[in-house]
Amino acid sequence: MDAKARNCLLQHREALEKDIKTSYIMDHMISNGVLTVGEEEKVKIQATQSQRAATLIKMILNKDNCAYISFYNALLHEGYKDLAALLHSGLPLVSSSSGKDTDGGITSFVRTVLCEGGVPQRPVIFVTRKKLVNAIQQKLWKLNGEPGWVTIYGMAGCGKSVLAAEAVRDHSLLEGCFPGGVHWVSVGKQDKSGLLMKLQNLCSRLDQEESFSQRLPLNIEEAKDRLRVLMLRKHPRSLLILDDVWDPWVLKAFDNQCQILLTTRDKSITDSVMGPKYVVPMESSLGRKKGLEILSLFVNMKKEDLPGEAHSIIKECKGSPLVVSLIGALLRDFPNRWEYYLRQLQNKQFKRIRKSSSYAYEALDEAMSISVDMLREDFRHYYTDLSILQKDVKVPTKVFCILWDLETEEVEDILQVFVNKSLLFCDRNGKSFCYYLHDLQVDFLTEKNRSQLQDLHRKMVTQFQRYYQPHTLSPDQEDCMYWYNFLAYHMASANMHKELCALMFSLDWIKAKTELVGPAHLIHEFVEYRHILDEKDCAVCENFQEFLSLNGHLLGRQPFPNIVQLGLCEPETSEVYQQAKLRAKQEVDTGQLYLEWINKKTIKNLSRLVVRPHTDAVYHACFSQDGQRIASCGADKTLQVFKAETGEKLLDIKAHDDEVLCCAFSSDDSHIATCSVDKKVKIWDSVTGKLVHIYDEHSEQVNCCHFTNKSNHLLATGSSDFFLKLWDLNQKQCRNTMFGHTNSVNHCRFSPDDELLASCSADGTLKLWDVRSANERKSINVKQFFLSSEDPQEEVEVIVQCCSWSADGAQIIVAAKNRVLLFDIHTSDLLAEIHTGHQSTIQYCDFSPYDHLAVVALSQYCVELWNVESRLKVADCRGHLSWVHGVMFSPDGSSFLTASDDQTIRVWETKKVCKNSATVLNQEIDVVFQENEMMVLAVDNIRGLQLIAGKTGQIDYLPEAQVSCCCLSPHLEYVAFGDEDGAIKVIELPNNRVFGSKIGHRKAVRHIQFTADGKTLISSSEDSVIQVWNWQSEDFVFLEAHQETVKDFRLLKDSRLLSWSFDGTVKVWNIITGRIEKDFICHQGTVLSCDISSDAAKFSSTSADKTAKIWSFEFLSPLHELKGHNGCVRCSAFSLDGILLATGDDNGEVRIWNVSSGQLLHLCAPISVEEGTATHGGWVTDLCFSPDSKILVSAGGYLKWWNVVTGESSQTFYTNGTNLKKIHVSPDFRTYVTVDNLGILYILQVLE
């Protein structure tokens, strides 16, 4: 031990003996090999703690520097930091941990020992790999003067020899462990005569004075004996380094009580020798940073100045030290050949990457091929089969069992041979093993066996078909994920086109695969193999791809939807529909419920792709500059990146500590910026997802970020702290801060030429800034365009939400309130103004890069396309289920994306959307079911009336009016409607003669209904009055008693009527006299719904107070109060036999109760594992029992059918929109009619 270390230990001996507990400290020292178990026992037998500590310290004083270092580290690990601090000054100098990695850190003693021992010098270009060097040194310390073996193993070219030499460049290691010196032998692949020559040379070096013998050994056995004597007597405690050992029999010649460090590709090579053995596995990759560092040293450039090809070379060869060094050496001589050598790597032309260093093999392929050639012939055949594996794919053992028709144990034995020889890598996952190849090995095998690849893929598919049917794979099989991900790849590569089409066009396969891995990978395969699939039928390929793209947001969720029911919603000409219909008919016979959407022909789906990458609201999404990727961010605090064509996820990053409000690609797509409520701006590598920069100079949430359009390094951000900031990615601090806005900056955009930056603010202004000087160039007061002559300016709040430049940079559009304004940037003149005509506000807008189109996102779930030049609306884009926060055109303008609160992003084709001009329906409809027909009366989006024949789809357009509600008479003789002004009218069918009420309501009519004879019309309004109008005799009765708006009413027998109101009461009226017969004070909150039992003896009431009640018409107090709902109870329904009552609430729960006892029988709520998702997709708004009381249908975010006996879901029908208000059900419970919030009408029939 060094004198300094010894003195330090003696100086602080008393403090150490007083405080330390020895047991755990000794465990560390034993594991480090500096303390024996026998010594531990001597310490343990001491009587007291201080005696045990004193004995341990006494032992350490008699040991070397390694014991001191191990003791110091043990103190740190066990929490004795103060005591470790006392010993820190005495730590011996160890170069491997001192940070000295140049010749300056190597003593003359080390240089002399290594030179005499023949240890190779460092390469001219050398970068440190401290972790691996330290690992080797720790194993060498463990030899502790005793015979043993330290094995460094790894694949060809991973740097084993360089690191072995580097490990012994350490003064304390040589002095403490190997004072007899170090002796390096380059072994390589040898026969017996070659090995004898190596041994003779070594013996000559060790016995230069010829003191033991004057002649060379004549055979290997004699050489082995000579070596043993020399190492024991002349060079005791020395280290023998055997470099590049291939054969186990070679080690037998050195198995003579020596300390040996060896490098090899074969992990099992020391199995044939005796003594302690330690193994150091080598990483096959340097990593990106180290790889770039080597290249920069070879070509004498700074890392940041390296061309883009440098990064691609590192990526292509996975950071292999050999390949990086070979190419670096070549580039040193030919500095303009970056692209050439990258191309050779990409094309697997390894022979052209030839020797340009001291490496033993002429070219890269020779280095790898020699390992394969050493295998037994049968093993070489097995290894050839691995040529069809893909890069970065870990393959379970079971896949090889199927490929080779062997038992698991046999397969593991074969693969272990490859692992031992560094020809394959093994990863243990729980109880099973997975195997994978290094990228270079994949490339080598692919190139070497190119002519056999098709047959090898065919063998894989054929073997799979022997064992499995594709759709019968079970998730609990260890190999099922491999087949789902790569079966199509093997079929395509085997040129098995017929089998591939059969697989990809199978609804069974799609169901099985999407259930396990989601739809994105399947969509990717349809794109990847489109050229093959189109050979059979391009229309069929389009059918399946469109089905997956438009239902991706459903197929990726839990619980998994019934894919057959989704398929039944496809057009009848679609192959998906035809397969679904076939499957459904088979399953209907076993009691499964399926529904046909009989009027779907009238519906056009305009979205090209729907993805659901987030678990909460999506605030922003943007295309990459090449249009291939989409980045999105939102309330779940993440940044997501996925493919624009397929939705396949590329990155999922937990980006910020709070909601992420905006994201943007840099102009070269290399970086993505994000900004957040947490006040931070972050820059990410768009490929790896690595965090590059964090900027935190804003003092409030950062609302927007945008990169310049041409340069890659300038970013603008706007914040609620009223400031804009410019950031240069090459600098750590903000480049400029721009002052001028007096309220939050909501949005910013660079002009197409990057000369100007536009910003929008809640202060009502649009400002233009000079990018070079960061000075304000111009300010446009947008607020003034919203002022009327009588409005004081300070009282009108105008928030300018966003802006977008025209392609030529001469004009700019801004969005505020419900208007889009177009300005000339030179004159500041208002050129055009678009009123969207909605009460909702514009959330975002974007200008098309190639025409006069602008896309506008509205808070009422809608997206609109406008022609800014003509000021005409071109199209409505309906599909989102909640607020739309962001819209953006693709760089070529051919498509645009929309991002919404409903957690989805939709991609739309611009031309397809522009061609569509369909009218949509209001959700207020009435339906009359007759024996062979149903008639639907609906209000369309221009407030006109449509009378739709449900079976045929024929539409009659009735006289236009501003309709707010409507109804049909029971025998389809009359239509009645109320309007927003309170007027009520009746239309006689079929001549369309109109009768108007002389006395209307004071406010908008909300509900209207004919009596059974069609002669009397009952209506209610926001004015709290119910009006009874005999429209033929012009007699009126007014039911006035409710204190607040009437929620709804129901007709009873004998000219009686039940009404309920926001005032919490339910009243029974005589509609002839207008008197109240019963007045029930039901709830403290609003009465949201009532239902009447079939015998008219009871009614139910539900309320915002989270309760439901069952009442008898005979008593003014409830029979039962039903508690347990956690949200507003919005609807209720009695079963036809009066035994059951169902209630539904705003949390998506449906509860079924026993009417006579008030007992809860079932809680119907599908399992929801996704944060923020209501179990019924939203509020439950309507319920209806089947006539036999066995099935219950509920409406909410979508439609669900329940088995009343079990309380389990029988079927779900996902509507395109959401927020269904009511479901109309035929008396036989086989036809259902509803309208979603997108205005789409659904007429559904049970499939027979």
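**A four-stranded sheet and a buried aspartate**

Visitor: How many bridges join strand β64 to β65?

Guide: Happy to start there, with the reminder that this is a predicted model. Strand β64 covers residues 1199-1203 and runs antiparallel to β65. Within this pair, Trp1202 stands opposite Ser1209 in β65. The number of bridges joining β64 to β65 is four.

Visitor: Which strands are the edge strands of that open sheet?

Guide: The sheet has four strands in the order β62-β63-β64-β65, paired antiparallel. An edge strand here pairs on one side only. That description fits the strands at residues 1182-1185 and 1209-1213, namely β62 and β65.

Visitor: By how much are neighbouring strands of this sheet turned against each other on average?

Guide: Let's stay with the order β62-β63-β64-β65. The angle ignores strand direction, and the average for neighbours is 15°.

Visitor: Now to Asp669: which side chain of opposite charge is nearest to Asp669?

Guide: Asp669 sits in the loop between β15 (660-665) and β16 (671-676), and this residue is buried. A salt bridge needs a side-chain nitrogen within 4 Å of a carboxyl oxygen, and the nearest candidate is 4.6 Å away, so Asp669 has no salt bridge. That nearest side chain of opposite charge belongs to Arg629.

Visitor: Which backbone nitrogen lies 2.7 Å from a polar atom of the Asp669 side chain?

Guide: Beyond its neighbours within four places in sequence, Asp669 is in contact with Ser624, Gln625, Asp626, Arg629 and Ser686. The backbone nitrogen of Asp626 lies 3.1 Å from a polar atom of the Asp669 side chain. The 2.7 Å distance belongs to the backbone nitrogen of Gln625.

How values were computed
Residues are numbered from 1 along each chain as its sequence is written. This is a predicted model: local features need pLDDT of at least 70, side-chain atom pairs count only at pLDDT 80 or more; totals for chains, interfaces and linings use all residues. Side-chain values use heavy atoms; hydrogens and water are left out. Two strands pair if DSSP finds at least two bridges between them. Helices (H or I, at least four residues) and strands (E, at least two) are DSSP runs, numbered from the N terminus. Axes are lines fitted to C-alpha atoms, for helices over the stretch in contact, and angles run from 0 to 180 degrees between N-to-C directions. Buried means under 20% relative accessible area, exposed over 50%, partly exposed in between (1.4 Å probe, protein chains only). Lys and Arg count as positive and Asp and Glu as negative; His and the chain ends are not counted. A polar contact is a pair of N or O atoms within 3.5 Å; within protein, one must be able to donate a hydrogen and the other to accept it, and residues adjacent in sequence count only if both atoms are side-chain atoms. Contact means heavy atoms within 4.5 Å.
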